[in-house]
Amino acid sequence: MKYIIIIVCVLILSVLIKERNKSISVFLSFSGIVLLLITGIDYLKEISEKLSDITTDIPSTAGYLKITVKALLITVVTQIVSDICRDNGENALASSAEIVSKCVVVIMVFPLFETVLSIVNGLVK
């Protein structure tokens, strides 16, 4: 619930300030994002602990989980950045950021894709 309150407060302040000073409004939005991330660190720690437990129980999954988490973080950061770009009227820049991040994620997951294909190939033979 505290996240919703933070978001609503930042939104109201940003909308009110945007009419007078757009650059401060952008800074306020960015500061709100940082505040949300700071308040969500406990959840990130919990996720990290769960992933650590999984890799301890099944060591062969460590590399795959690492790739998956990196890909997830890239998509989350890209979404935040592209939303900020769109809020400031930079639609082309936002789309370019999304395309580049998708390419990076595809390159990152190629080892996973190759592993799945080799397993499927082994099952078919």
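This is a guided tour of a predicted model, going from the whole chain to single residues.

**The whole chain**

Begin with the entire protein chain in a cartoon view, where five helices and zero strands can be found, and where the elements run α-α-α-α-α from the N terminus on. The radius of gyration of the chain is 20 Å, well over the 14 Å that the globule rule gives for 125 residues, so the chain is more spread out than a compact globule. If you turn the model along its principal axes, the C-alpha atoms fill a box of roughly 65 × 35 × 15 Å.

Switch to a surface view next: the accessible surface of the protein chain comes to about 9400 Å², and 72% of this belongs to carbon and sulfur atoms. Of the 125 residues, 14% count as buried. Among the contacts in the chain with a separation of 6 or more, 51% are accounted for by residues 24 or more positions apart.

**Helix 1 and its surface patch**

Select Met1, Ile4, Ile5, Ile7, Val8, Ile12 and Leu16 together, and you will have a nonpolar surface patch of about 700 Å². One of its members, isoleucine 4, lies in helix 1, which covers residues 2–18. Isoleucine 4 counts as partly exposed because its relative accessibility is 48%, a value between the 20% under which a residue is called buried and the 50% over which it is called exposed.

**From helix 1 to helix 3: the aromatic pair**

The structure holds one aromatic pair, and to see it you should show the side chains of tyrosine 3 and tyrosine 43, whose ring centres are 6.0 Å apart and whose planes stand at 50 degrees, so the pair is tilted. This pair links distant parts of the chain, since tyrosine 3 is in helix 1 and tyrosine 43 is in helix 3 (residues 41–57), 40 residues apart.

Keep tyrosine 43 selected for a moment: with 49% relative accessibility, tyrosine 43 counts as partly exposed. If you add cysteine 85 to the selection and draw a C-alpha to C-alpha distance, the two residues turn out to be 27 Å apart in space, with their positions 42 residues apart in sequence.

**Helix 2: serine 25**

Move on to serine 25, which is found in helix 2 (residues 22–39). Is serine 25 buried or exposed? Its relative accessible area is 2%, so serine 25 is buried. To see what surrounds this residue, show Ser14, Ile17 and Lys18, which serine 25 touches when residues up to four places away in sequence are not counted.

**Helix 4 against helix 5**

Now select isoleucine 67, whose place is in helix 4, and which counts as buried at 17% relative accessibility. Leaving out residues up to four places away in sequence, isoleucine 67 touches Met108, Val109, Pro111 and Leu112. For methionine 108, a C-alpha distance can be drawn as well: the C-alpha atoms of isoleucine 67 and methionine 108 are separated by 6.7 Å, although the two residues are 41 residues apart along the chain.

Further along, threonine 78 is also found in helix 4, and at 11% relative accessibility threonine 78 counts as buried. Which residues should be shown around threonine 78, its neighbours within four places in sequence left aside? They are Ala97, Glu98 and Ser101, with which threonine 78 is in contact.

Leave Glu98 displayed and add arginine 86, because the side chains of arginine 86 and glutamate 98 meet in a salt bridge, with 2.9 Å from N to O, and a nitrogen-to-oxygen distance within 4 Å is what the term requires. The structure holds one salt bridge. The pair links distant parts of the chain, with arginine 86 in helix 4 (residues 62–87) and glutamate 98 in helix 5 (residues 91–124), twelve residues apart. Arginine 86 itself has a relative accessible area of 32% and is therefore partly exposed.

**The last stop: glycine 89**

Finish at glycine 89, which you will find in the loop between helix 4 and helix 5. Glycine 89 is exposed, with a relative accessible area of 55%. To relate this loop to helix 1, select valine 15 as well: the C-alpha atoms of glycine 89 and valine 15 are separated by 15 Å, and the residues are 74 residues apart along the chain.

Definitions and conventions:
Residues are numbered from 1 along each chain as its sequence is written. This is a predicted model: local features need pLDDT of at least 70, side-chain atom pairs count only at pLDDT 80 or more; totals for chains, interfaces and linings use all residues. Side-chain values use heavy atoms; hydrogens and water are left out. Patches are made of residues with over 30% relative accessible area and no salt bridge: like charges are joined within 9 Å, nonpolar side chains (Val, Leu, Ile, Met, Phe, Trp, Tyr) within 5 Å. Accessible areas come from the Shrake-Rupley method with a 1.4 Å probe; for residues, only the protein chains shown count as cover. Helices (H or I, at least four residues) and strands (E, at least two) are DSSP runs, numbered from the N terminus. Buried means under 20% relative accessible area, exposed over 50%, partly exposed in between (1.4 Å probe, protein chains only). Rings of Phe, Tyr and Trp (its six-membered ring) pair if their centres lie within 6.5 Å; planes under 30 degrees apart count as stacked, over 60 as edge-to-face and the rest as tilted. Contact means heavy atoms within 4.5 Å. The radius of gyration is taken over C-alpha atoms; the globule rule is 2.2 Å times the number of residues to the power 0.38.
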